[in-house]
Each structure stands twice: as structure tokens, then as C-alpha cells.
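Please examine the sequence and the structure shown below before reading on. The paragraphs that follow are intended to be read with both in view.

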Protein chains: 2
Amino acid sequence: MQGPLTGIKVVDLTQIYNGPYATFLMAMAGAEVIKIEPPGGEHTRRRQRDGGGAHIPHAMLNSGKHFVVLDLKQEEGKAALTRLIEQSDVLVENYRPGVMARLGFSREHVKKLNPRLIYASSSGFGTTGPYRDYPAMDLAVQAMSGVLSVTGYPDNPPVKAGPAIADFNAGVHLYGAIATALLDRERTGTVRAVEVAMFEAIYPALASNLGLMGGINKDRSPRTGNRHGGLSISPYNVYECKDGHCAILANNEHQWHALARYFGQEWAITDSRYASMYERVKRIEEVDELVGGWAREQTKDQLFAGLIAVGVPCSPVRELSEVMRDEHLHARNALVEIEHPIYGAMTVPTSPLVFEGVPRDIRWPSRKLGEDQALIDQPERALGRSES
Amino acid sequence: MQGPLTGIKVVDLTQIYNGPYATFLMAMAGAEVIKIEPPGGEHTRRRQRDGGGAHIPHAMLNSGKHFVVLDLKQEEGKAALTRLIEQSDVLVENYRPGVMARLGFSREHVKKLNPRLIYASSSGFGTTGPYRDYPAMDLAVQAMSGVLSVTGYPDNPPVKAGPAIADFNAGVHLYGAIATALLDRERTGTVRAVEVAMFEAIYPALASNLGLMGGINKDRSPRTGNRHGGLSISPYNVYECKDGHCAILANNEHQWHALARYFGQEWAITDSRYASMYERVKRIEEVDELVGGWAREQTKDQLFAGLIAVGVPCSPVRELSEVMRDEHLHARNALVEIEHPIYGAMTVPTSPLVFEGVPRDIRWPSRKLGEDQALIDQPERALGRSES
């Protein structure tokens with residue numbers, strides 16, 4: 001496989017989701033990623049033992065990497081890491097700020113070992129500022145950044161976004177920062193360390209919700225259920241139908257007209273109460289009752305097929321088991337079926353980054369702890385096992 | 001301002017959140033981004049008129065860009081776009097697949113105009129596959145990808161993540177793909193078009209939730225409220241306290257012991273029912289009742305200060321108005337106060353990508369529709385107004 005990052009060597013000191021997602025994207029783009037795990041394996045590998053089924057995340061995020069074990073508290077481990085740093089282009093870590101320095105691999109020291117290396121860090125709150133030492137995980141960052149206060153129904157307590165968005169969002173930001181730093185090094189010779197804080201990376205995604213503070217509905221609850229986060233689009237909601245729920249929305253007059261016509265409700269197009277987005281947003285409850293009444297008479301499949309056909313954004317609310325088998329994701333090789341050497345048959349994602357001329361595959365499945373230890377013991381051995 | 005993308009010229013044909021967030025990250029890294037809006041302005045600029053307060057998102061995402069108006073349905077507009085394409089490094093668009101071709105700017109045609117240009121596209125479902133023509137917006141993609149089915153409380157209907165995560169997550173993936181393609185062009189001379197689909201980009205973030213299918217709790221609802229999405233960590237929840245809600249979690253034995261000790265409940269450390277993550281996950285209700293009882297006696301501020309001090313991840317559930325004034329975000333210049341030329345005093349984010357040696361600022365605030373039209377009328381004019 002020849003990818004856009006082929007030939008880039010990465011020392012990967014990351015764990016759980018944030019850092020490992022960044023290095024997953026690198027590995028999928030062709031980089032040679034050496035994932036260093038502590039004795040016993042990193043958190044998600046061990047979590048399998050805890051009964052949480054986290055071997056699935058571990059397998060999802062660690063395709064196409066090389067696996068070695070180093071005890072960084074021992075001299076031997078430090079010496080091996082030093083050799084890897086000397087040979088690499090990028091070091092990625094998502095320890096809490098200060099841990100790398102305590103291990104003896106501060107930014108300053110690593111710069112001396114390899115002045116061309118990009119030092120990339122991600123953490124909950126960043127390496128400076130009053131919160132830098134706070135421990136962080138996805139839930140705490142979602143609470144801290146206001147995601148909980150804007151998720152869920154107005155009458156219910158705050159609730160988190162189901163996916164680990166604080167972690168993954170930081171991970172892909174970190175990937176973007178690393179690719180940018182590599183480009184800069186290539187274009188100008190400048191070597192810049194990069195960092196991303198989970199807390200900061202999620203803020204822009206709250207744009208609609210922040211917009212609510214400046215709109216005509218600003219006195220309403222910031223938890224808008226399935227309505228638009230800024231209450232600036234109507235209709236825009238999840239409506240109950242005969243056999244489940246369907247998301248339906250109209251982002252402009254064209255879509256609103258198509259929606260009304262689909263349901264045989266042409267009167268609504270000319271009725272002055274609903275004739276503009278401004279009017280519909282003002283009467284958001286009324287509009288939801290109308291559309292809810294129309295949707296109730298149909299099945300998910302009817303609504304989905306019928307509304308999409310007339311250009312109205314619509315989707316059934318789907319379970320993960322349906323998503324995992326989705327024909328579109330499989331047709332595009334966004335998901336692939338593999339026989340995992342440890343976990344057996346499973347479905348795993350390729351990279352969401354699609355590069356013209358580069359096949360979408362996972363290179364190889366994640367491997368056993370220390371399976372590529374020969375890379376340490378025989379440093380002259382070439383990286384990049386033959387790809388199946 | 002000298003950033004890692006200084007000198008990179010970008011034709012920006014994007015709208016709403018997905019594409020504009022990608023070009024925002026480019027502008028903040030120093031690229032010269034020319035944002036092309038249709039007569040009347042792009043969606044979020046116009047949405048202000050709709051009463052939704054969306055001028056705040058528009059201001060947040062369009063700092064540091066240049067603003068021109070082109071009617072791409074007219075020959076004059078097409079000719080101006082052609083000239084811009086000939087002079088640029090990247091074209092970014094997030095129209096529905098097919099729209100660029102209908103406007104006369106297909107990938108193939110643009111390649112002829114400028115063989116060195118990176119053609120970057122983002123859409124709901126991608127440019128191939130059975131769903132390619134489906135209209136998409138954040139809510140529909142959240143429903144389609146299963147985000148709704150895993151968000152909210154088990155006893156309530158499915159609900160979306162409050163922030164527009166499908167949009168923004170795709171936008172930052174698109175940024176990563178573009179930076180990678182620019183690096184590839186620089187290193188090898190290869191020019192690759194890139195694309196990202198919102199539907200695909202959100203899948204990896206569901207890792208914990210997908211993991212639930214393989215864990216000891218697999219028969220439970222996929223909507224876990226504020227519990228861990230894979231039900232593989234306990235305690236991990238949002239607990240009611242004297243004056244609000246607090247997120248508290250213990251990701252390992254060390255944190256569990258510190259938590260129990262903080263509440264004066266040393267007995268729980270040695271009690272065999274709670275002595276390992278496996279046992280606690282098995283008794284997840286019992287553990288939540290215990291911790292919930294301990295937390296109820298304290299205030300948000302007490303819990304936050306006390307638990308953070310002993311190394312336990314914890315955060316009060318905060319409102320956006322608190323987040324916007326957060327001392328840490330301001331100390332790090334992740335948020336800055338500006339006097340916006342159209343909207344007045346406001347708080348806007350800088351880029352979450354932090355590059356060593358590059359100050360964090362917004363370069364300049366978003367501008368009026370067509371304010372930089374001279375870039376079209378006098379193409380010889382240099383880009384990059386003096387930065388304040």
C-alpha cells in the first residue's frame with residue numbers, strides 16, 4: 001500500500017481513544033506507526049478483562065500499527081524509546097501534562113535527541129493554563145464544556161452525547177495538527193511541536209447552541225431535544241411514526257414546500273403563518289405538531305424513501321446493529337469484514353479520510369501485545385510487514 | 001502572522017458548518033482563504049434574518065477569511081472562479097455530490113484548469129455509493145449513523161447529541177485530509193483529490209457503544225444516559241449534588257481508591273463486591289447508588305475542587321454562558337474577546353490546533369458580504385491584508 005504518509009515513522013505513546021485515533025488515521029494513510037504499550041497492555045486492551053467489551057474499540061482503532069512493549073520506568077525501556085525517537089518523524093502522546101517529563105522525555109530533551117521530530121500532545125486541558133493538571137476523560141470534558149447542558153430534553157436532567165465525542169474530536173484535531181506540522185517542516189524546514197486540548201476542540205461544535213443566545217428563542221431551554229440546537233430551523237425534529245422514529249427537517253423554502261407537497265398539505269405552503277423560516281421558527285411548536293401529525297400515519301421506510309425522493313433530509317433512527325451492516329458503508333469500504341487473529345470475525349472501519357487512488361482497507365488487523373517486539377530487539381530490521 | 005499554512009491559497013466554496021470549519025482551521029493556520037458566497041450571502045449569514053441568531057456561528061467560523069460574492073450561474077461568476085482556481089492550491093466544497101459538475105467545475109474539469117490543485121469535498125454520504133444523492137444535515141446523519149439510538153436515558157425516546165457533531169466532525173476530518181494531501185504533493189508531487197462523508201466520519205466515535213455489544217452488559221439498552229457508552233467503567237456517571245449536577249468517574253483502581261478515601265468510605269476499597277473494575281461494572285447500579293449518596297451531601301464546587309485535588313476526574317455540569325467566560329480558555333487564548341465590525345462585542349474561538357511559536361488569535365473578524373470583492377475585480381492585487 002502506497003499512501004500519502006508512506007515513509008513517515010511514528011512513535012506512538014497513546015492510549016484509550018484520543019491519541020490512538022490520531023495514530024489510527026496516520027497508519028491508515030500509510031505511516032509506519034510503532035505503538036508502545038506498557039507491560040500488560042494499554043487501557044483498552046486490558047479493559048476486555050474488565051467485562052466491558054472494549055476489545056472491540058481496541059481492534060477498531062489499532063489496525064495497521066506495529067505492537068511493542070516497553071517499560072518506560074526501566075532503563076532498558078528508556079533506551080529503546082530513545083533509539084525509536086532518533087529514527088522517527090513524529091512522537092504522539094496523550095498522557096496528562098507532566099508525565100512525559102517525569103519519564104525523562106520532555107519536549108526539550110526529545111528536541112535534543114531528534115531536532116527534526118514533531119512532538120505531538122493531546123490532553124484534556126492542554127499543557128498550560130490553570131486547569132492543565134486536571135485529570136480528564138470524555139464525560140468530564142463533556143460536562144465542563146457545556147455539551148451536557150445542551151443535550152437531551154428540556155424537561156429532563158442534562159445528558160451526555162452518546163459517542164465519546166470529546167475524545168475522538170480531539171484525536172482528529174491532533175491528526176490535523178500533525179499533518180500540518182509535517183507539511184510545514186517539508187515546505188520551510190520549521191519544526192513545531194503541536195498540541196490539542198479536548199476541552200478546546202469541542203467548543204466550535206457548539207456554534208448553533210451558542211447562537212441560541214442571540215436568536216429570537218433565547219429565553220428557551222438550551223436543551224432542545226431533537227430540535228435544532230439554535231432553534232433556528234423549523235421543521236427540524238425527530239417525529240414518531242407507525243413503527244419507530246424518523247428525523248425530518250427542511251432547511252430552506254424549497255425543502256419546506258417539497259415536504260408539504262409530499263404529505264398532500266399544499267395549503268401550508270401559502271399559509272402566512274408558515275410562509276418563511278422566521279415565521280416557522282416563531283411557531284416552532286405548531287409546526288412540530290403539524291409535521292408530527294403527518295408523519296404519524298406512515299412507516300419509517302415510507303417516510304425515508306418518500307421524503308428523500310423529493311429532496312427533503314430524512315432518516316430513520318437506526319440501531320448500531322443496522323449501521324454496522326449498512327450497505328452504503330460496505331459498498332464504499334468505509335466498513336470492512338475481517339477475520340481478526342484474536343477476536344474472530346468482526347466489522348471494523350477504515351479511515352474516513354478518502355484519498356484519490358488509495359484503496360480503503362485496514363492494512364492489517366491489530367495484533368497481540370508485543371507481537372512486533374523484534375523491531376526493538378533487532379533495530380536494523382525493516383519496518384512494514386508485507387501487507388495482505 | 002506567519003503560520004504553518006502561510007502562502008497556501010484556498011478557494012472556499014463551502015457553507016454552513018462542515019466545509020466552513022475546515023477552511024476556518026486553514027485560515028487560522030495562515031492560509032489565504034477566499035470565501036465565495038452567492039448573491040445574498042451563504043446560509044448562516046442569511047440565517048440571522050430568520051431569527052435564529054446564526055450570525056454568531058457565522059462570526060465564529062469565518063474569522064481570517066476573505067469575502068467575495070460570485071454568481072456561479074452566470075458566465076462572469078464562472079470566469080472569476082476559473083481565474084481563482086488557476087491561482088490556488090486547494091479548492092474546498094461541501095455541496096451535495098453533483099452540484100459542482102452542474103456548475104461546470106467537476107473534478108475532471110478543475111484538474112485541467114490546475115493540475116496541482118487539491119480538490120477537497122465533504123458531503124453527507126460521499127461521492128459514490130447508493131446514498132450519494134441523499135440530502136443530509138446534522139440531525140439526519142446523527143439518526144442514520146446511530147448516534148440518536150445511543151444518546152439519552154434508557155427510558156426516554158432517542159435524542160441527538162446537542163452540538164452539531166456530524167457537521168463539525170466531518171469538517172475537521174476534511175481539514176486533516178487536505179493537510180495530508182498538501183504534504184503528499186510537497187513530498188512526492190502526487191496530487192490527490194480528497195473526500196469525507198459525515199456519515200462515515202462519525203462511526204469511529206461510536207467505539208464504546210459498539211463495544212457494548214461484546215461486553216457483559218450487552219443485553220442492556222444502548223442508551224446509557226450518563227453512564228459510559230460501553231458500560232465498561234464504574235463509577236462513571238453524572239450525580240446530583242446539593243446545587244446541581246457533577247460528572248464523576250474512576251477509570252482505574254487508583255482513582256477508585258482516591259474517590260472512596262475522599263468521601264471517607266475506605267471500607268469500599270477492600271469490600272470484595274467493589275474490589276475490581278469487573279465487579280463494579282457487574283454491580284453498576286449499586287455503585288451508582290453508593291457514589292450518588294456520597295455526592296449528594298456536597299456542592300458542585302466542593303466536589304470539583306476536592307476530587308480533582310486527589311486525582312479523580314470530575315466536572316460540574318456547566319452552562320454555555322459559564323464556558324464562554326472560562327478563565328482557562330481565556331488564559332490560553334482559546335477564546336478571545338473581539339469587537340466585531342458588524343455584530344459588536346463578542347467572544348469567539350481561535351483554532352484548537354496549537355502550533356509552537358504561532359500566537360493564537362483570529363487574524364481578523366469575519367466581514368461583510370463582498371467586502372474583499374477587489375480580489376476579483378483586480379486580480380493582480382496581493383492577498384493578505386495587513387493584520388491587526
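This explanation turns in order to a sheet, the helices that pack on it, a pair of helices, a hairpin and a nonpolar core.

The model is predicted. A suitable starting point is an open sheet of seven strands, whose order is β12(A)-β6(B)-β5(B)-β4(B)-β1(B)-β2(B)-β3(B) and whose pairing is mixed. Its edge strands are β12 of chain A, residues 354-355, and β3 of chain B, residues 66-69; each of these pairs on one side only. Where chain A joins the sheet, β12(A) is linked by two bridges to β6 of chain B, residues 194-197, and the two strands run antiparallel. Within β6(B), residue B:V194 is the bridge partner of A:F355.

Two helices of chain B may now be considered. Helix α4 of chain B, residues 75-87, packs on the sheet and touches β1, β2 and β4 of chain B. The direction of α4 makes about 145 degrees with that of β1(B). Helix α8 of chain B, residues 165-188, also packs on the sheet, with contacts to β12 of chain A as well as to β4, β5 and β6 of chain B. Its direction makes about 165 degrees with that of β5(B).

How do α1 and α8 of chain A cross? The axes of α1(A), residues 18-28, and α8(A), residues 165-188, come within 7 Å and cross at roughly 45 degrees. The two helices are therefore oblique to each other, and their crossing is right-handed. Among the residues of α1(A) that take part in the meeting are A:Y21, A:L25 and A:M26, while the residues of α8(A) include A:F168, A:L174 and A:I178.

Elsewhere in chain A, strand β10, residues 335-340, is joined to β11(A) by six bridges, and these strands run antiparallel. A hairpin of three residues connects β10(A) to β11(A), and A:H340 has A:G344 as its bridge partner in β11(A). Strand β11(A), residues 344-349, is mostly covered, since five of its six residues are buried.

The last topic is the nonpolar core. In soluble globular proteins, nonpolar side chains tend to be buried together. Here the largest nonpolar core has 212 residues, of which A:M26, A:I248, A:L259, B:M26, B:I248 and B:L259 touch the most other members. Not counting residues up to four places away in sequence, A:I248 touches residues including A:Y236, A:L259, A:L303 and A:V312 of chain A, together with B:L139 of chain B.

Methods. Residues numbered from 1 in each chain as written. Chains lettered and ligands numbered in written order. Predicted model: local features only at pLDDT ≥ 70, side-chain atom pairs only at ≥ 80, totals over all residues. Heavy atoms only, no water. Pairing = 2+ DSSP bridges. Helix = DSSP H or I, 4+ residues; strand = E, 2+ residues; numbered from the N terminus. Contact = heavy atoms within 4.5 Å. Axes fitted to C-alpha atoms, helices over the stretch in contact; angles between N-to-C directions. Core = buried A, V, L, I, M, F, W, Y, C linked by side-chain atoms within 4.5 Å. Buried < 20%, exposed > 50% of the residue type's maximum accessible area, 1.4 Å probe, protein only. Parallel < 35°, antiparallel > 145°, perpendicular 65-115°, else oblique. Left-handed = near helix turned anticlockwise from the far one by under 90°.
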